[in-house]
Amino acid sequence: MLAHIMEALLLPILLIAVFYFLLIRPQQKQRRQMAELQQSVQPGTKVMTTAGLLATVVEIDDDEVVLETAPGVHNRYVRRAIANVIQPEEPATAAPSDPVADSAADIADDAPTHQPAQAKADDRTNGDDVR
């Protein structure tokens with residue numbers, strides 16, 4: 001009798017464990033990382049809000065931040081509106097010459113050019129169609 005009860009409870013317990021490890025736990029981890037990110041912003045940090053607004057943090061007041069969206073334009077947001085911190089861009093370095101790209105450019109130079117005047121003369125439509 002006890003064995004039948006254990007077998008009947010085994011499937012729901014396994015399902016709960018699977019849901020926890022596949023859905024609940026990763027979501028809690030993501031929420032914790034987002035809270036840490038929002039708490040770590042300092043004035044001068046470039047951020048992106050949940051609406052996609054790119055701005056620089058100017059001032060922090062408890063649960064609010066003042067963001068500068070353009071020079072002299074300040075907006076007040078709740079700290080939870082910060083979705084991402086924008087990392088400063090690294091200076092671009094000169095890429096070495098690519099022999100494949102160079103040969104493609106040589107081929108493109110040899111290609112025949114389009115003659116728009118000739119194409120216009122061959123066009124027998126009244127000109128009101130959009131191409």
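**A walk through the predicted model**

At 44% relative accessibility, L15 counts as partly exposed. This residue sits in helix α1, which covers residues 2–40. The model is a predicted one. L15 also belongs to a nonpolar patch on the surface. Its partners there are L11, V18, F19, Y20, F21, L22, L23 and I24. Together the patch residues offer about 900 Å² of accessible area.

Now the whole chain. Its secondary structure comes to three helices and five strands. From the N terminus on, the order is α-β-β-β-β-β-α-α. The chain has 131 residues, and 11% of them count as buried. About 11,100 Å² is exposed. Carbon and sulfur atoms supply 60% of that area. Among contacts with a separation of 6 or more, 33% join residues 24 or more positions apart.

Past helix α1, look at the loop between β1 (46–49) and β2, where G52 is found. G52 is partly exposed, with a relative accessible area of 40%. G52 and N84 are 32 residues apart in sequence. In space, their C-alpha atoms are 9.3 Å apart. N84 falls within β5, which spans 82–85.

Next come the hairpins. Strand β2 runs over residues 54–61 and strand β3 over residues 64–70. The two pair in the antiparallel sense, over five bridges. Within this pairing, V57 stands opposite L67 in β3. Two residues lie between the strands of the hairpin. There, D62 takes a positive phi near 45°.

Strand β3 has a second partner, strand β4 (residues 73–78). This pairing is also antiparallel, and it holds six bridges. A70 stands opposite V73 in β4. Again, two residues lie between the strands. In this hairpin G72 takes a positive phi, near 85°.

Charged side chains add further links. The structure holds three salt bridges. In one of them, the side chains of R76 and D61 meet at 3.1 Å, N to O. This pair links distant parts of the chain, with R76 in strand β4 and D61 in strand β2, 15 residues apart. How exposed are the two ends? R76 is partly exposed, with a relative accessible area of 48%. D61 is partly exposed too, at 29%.

R76 also forms a salt bridge with E64. Here the closest N and O atoms are 3.1 Å apart. This pair joins strand β4, which holds R76, to strand β3, which holds E64, across 12 residues of sequence. E64 is partly exposed, with a relative accessible area of 33%. D61, E64 and R76 are thus linked in a network of salt bridges.

Another salt bridge pairs R80 with D63. Its closest N and O atoms are 3.2 Å apart. R80 lies in the loop between β4 and β5, and D63 in the loop between β2 and β3, 17 residues apart. The two ends fall in separate exposure classes. R80 counts as exposed, at 54% relative accessibility. D63 counts as partly exposed, at 36%.

One more arginine deserves a look. R79 lies in the loop between β4 and β5 (82–85). Is R79 buried or exposed? R79 is buried, yet has no salt bridge. The nearest side chain of opposite charge is D63, 5.0 Å away. A salt bridge needs a nitrogen within 4 Å of a carboxyl oxygen, so at 5.0 Å D63 does not make one with R79.

What does R79 touch, leaving aside residues up to four places away in sequence? The list is Q38, Q39, V41, I60, D62, D63, E64 and V65. Several of these names have come up before. Q38 and Q39 fall within helix α1 (residues 2–40). I60 falls within strand β2 (residues 54–61), while E64 and V65 fall within strand β3 (residues 64–70). D62 is the hairpin residue with positive phi near 45°. D63 is the salt-bridge partner of R80, and E64 is a member of the network with D61 and R76.

Definitions and conventions: Residues are numbered from 1 along each chain as its sequence is written. This is a predicted model: local features need pLDDT of at least 70, side-chain atom pairs count only at pLDDT 80 or more; totals for chains, interfaces and linings use all residues. Side-chain values use heavy atoms; hydrogens and water are left out. Two strands pair if DSSP finds at least two bridges between them. Helices (H or I, at least four residues) and strands (E, at least two) are DSSP runs, numbered from the N terminus. Buried means under 20% relative accessible area, exposed over 50%, partly exposed in between (1.4 Å probe, protein chains only). Lys and Arg count as positive and Asp and Glu as negative; His and the chain ends are not counted. Contact means heavy atoms within 4.5 Å. Accessible areas come from the Shrake-Rupley method with a 1.4 Å probe; for residues, only the protein chains shown count as cover. Patches are made of residues with over 30% relative accessible area and no salt bridge: like charges are joined within 9 Å, nonpolar side chains (Val, Leu, Ile, Met, Phe, Trp, Tyr) within 5 Å.
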